[in-house]
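Welcome, and take your time with the picture that follows. Keep it beside you as you read, and turn it whenever a new part comes up.

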Amino acid sequence: MDSKNIRKKVIGGLAWTYAERVAAQFVSLIVTIILARMVLPEEYGVISIVTIFIGIADNFVVGGLGNALIQKKDADQLDFSSVFYFNIVFSLIVYIIIFILAKPISWFYGMKVLEPVLQVMALRIPVAGINSVQQAFVSKKMEFKKFFFATLGGTVFSAIIGILLAYQGYGVWALVAQYLTNALMDTVILWMTVRWRPERKFSARRMKGLLSYGWKILVTSLMITLYVDIQDLIIGKKFSSEDLAYSNKGRQFPSLISTNVNTSISKVLFPAIAESQDDLEKVKQITRRAISVGSYILSPILIGFAAIADTFVEVVLTSKWMPCVPYLRIMCLVYLLQPIQTASLQAMKALGKSDLYLKLEIIKKVFGTIILLITVFSFHSVLAIIIGSLGAEIVSTVVNIPANKKIFGYQYREQLEDVGASFFMSFIMGCIVAGVGTVKLNTGFIFLLQLFIGAGFYILMSYIGKNKNYFYVLKIGSEYLKKK
């Protein structure tokens, strides 16, 4: 595929993927706000504990083989069919294990409701086994428009189900229903819209080749999930489900914002670089653009969100969720560093450097685990644990920087240039927005004023300073509209 075609597919892919994430983010945000008003914090805490175990199990099913299919240049029908059947059998085995472990897990946490909730929510695992192959096929073909309809359809349908059941007083089961229907509808819509169907053939030899690449991605993904989830497991056990709900709610909104941007970058960047993996200069250009644009979009949102955290929680979630404010602010800073890591790690995977990807993650997680253990045993405080996660994220970013230079010549000065201006403008904007929050007026009015001033100031600074990312985003939007 030549440079022009790759650029067109990247622009089109980013447009559809950003549209998918923005639409999903908007619906998810509305649903989260509504459910947070209707469901108690301790019920959210139960779901938080259950999703930890589902997430770990999910990694075994979707962690590496989907990436292996995308990375393999000549992946064909036999490869996709082999992975499809392997995933079905393997996901059923994983589900049975989770079903059996549900009882001892509920006993460990002293919550009887965990057992049936975990057994029902784990039904998502076989669905994820099918969905991961569909996602790999769509990403391989860079047909990101299909993700838009599948994600939006699943999000909207599950939102309706969740809200209706919460209104009827089903509590934790409303959250379970929303979780399951989202995954199921996403998979059904992709099945109806994607051209690919499995054939009745399987190759153990092909699976061996895919697993040789995929197991490293799987282990890395599993390690990342365990590292993130061990924090929640400790909070849920050492403190309470309510404390876990507050810390999770503090993470939820920054994560929602960051994940939408980073998922867009990852979905488009990985297959685009996989197509250009023989040209390191082109890989560097694509990676730099992804980091630069990702930081430009994400920095003002997260820093601005940290500045308005108290007014946001009071106006949107109500005062019962105010204990989550300090966690929310810290997590905004944690996720601020994500675009830098996301783009470079996607480049490593696409270049087939899954061994280096694994080694880097081991180093990061060793440092992160040490920091976590220090905060857990030295301070009897959830806030200390969350602050420790910020320190771990800074270490992770620093560890990535030399690898970027070594693999495709991404110099230190260039890495600083690609994020520096966005960080600086966002910091100034955040200080102004925080100052507005001190004015003694109606909280709802102050909240709207902060949003308006923050967005306007950032755009104005971008225009006056002739920020290259500002004009690039405008150019992508213009080209895409002309294309349509």
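Start at the end of helix α12, where the next residue, T318, has a positive phi, near 80°. Helices here are DSSP runs of H or I with at least four residues, strands are E runs of at least two, and both are numbered from the N terminus. A word on where this comes from: the model is predicted, so local features need pLDDT of at least 70 and side-chain atom pairs count only at pLDDT 80 or more, while totals for chains, interfaces and linings use all residues. Residues are numbered from 1 along each chain as its sequence is written, and side-chain values use heavy atoms, with hydrogens and water left out.

Stay with α12 for a moment. Its buried residues are A309, T311, F312, V313, V316 and L317. Buried means under 20% relative accessible area, exposed means over 50%, and partly exposed lies in between, using a 1.4 Å probe and protein chains only.

Which helix does α12 cross at roughly 125°? The partner is α18 (residues 443-464), whose axis comes within 9 Å of the axis of α12 (residues 309-317). Axes are lines fitted to C-alpha atoms, for helices over the stretch in contact, and the angles run from 0 to 180 degrees between N-to-C directions. The two helices, α12 and α18, are therefore oblique to each other. Angles under 35 degrees count as roughly parallel, over 145 as roughly antiparallel, 65 to 115 as roughly perpendicular, and the rest as oblique. The crossing of α12 and α18 is also left-handed: the near helix is turned anticlockwise from the far one by less than a right angle, whereas a clockwise turn would make a crossing right-handed.

On the α12 side, T311, F312, E314, V315 and V316 make the contact, and on the α18 side T443, G444, I446, F447 and Q450 do. Contact means heavy atoms within 4.5 Å. Sorted by class, this contact of α12 with α18 has five nonpolar, four polar and one charged residues. Here Ala, Val, Leu, Ile, Met, Phe, Trp, Tyr, Cys and Pro count as nonpolar, Asp, Glu, Lys and Arg as charged, and the others, Gly among them, as polar.

Now follow α18 to S462, which is found in that helix. Is S462 buried or exposed? S462 is buried, with a relative accessible area of 0%. Leaving aside neighbours within four places in sequence, S462 is in contact with Y296, M425, N467 and Y470. A little further along is K466, in the loop between α18 and α19 (468-483). K466 is exposed, at 64% relative accessible area, and its phi is near 50°, a positive value in a residue other than glycine.

Next, look at another pair of helices. The axes of α6 (residues 124-141) and α8 (residues 172-193) come within 9 Å and cross at roughly 40°, and α6 and α8 are therefore oblique to each other. The crossing of α6 past α8 is left-handed. From α6, the residues R124, V127, I130, N131, Q134, Q135 and V138 meet Y179, L180, A183, L184, D186, T187, L190 and W191 in α8. By class, that contact of α6 with α8 has nine nonpolar, four polar and two charged residues.

A third pair is α4 (residues 77-109) and α5 (residues 114-121), which pack at an angle of about 155° with their axes 8 Å apart. That makes α4 roughly antiparallel to α5. Their contact joins Y95, I98, F99, A102, K103, I105, S106 and Y109 of α4 to L114, E115, L118 and Q119 of α5. Eight nonpolar, two polar and two charged residues form this contact of α4 with α5. The crossing of α4 past α5 is right-handed.

Try one more residue, A68, in helix α3 (residues 65-71). A68 counts as buried at 3% relative accessibility. The C-alpha atoms of A68 and A136 are separated by 8.8 Å, while the two residues are 68 residues apart along the chain.

Finally, step back to the whole chain. It has 19 helices and zero strands, and buried residues make up 56% of its 484 residues. Among contacts between residues at least 6 apart in sequence, 83% join residues at least 24 apart.
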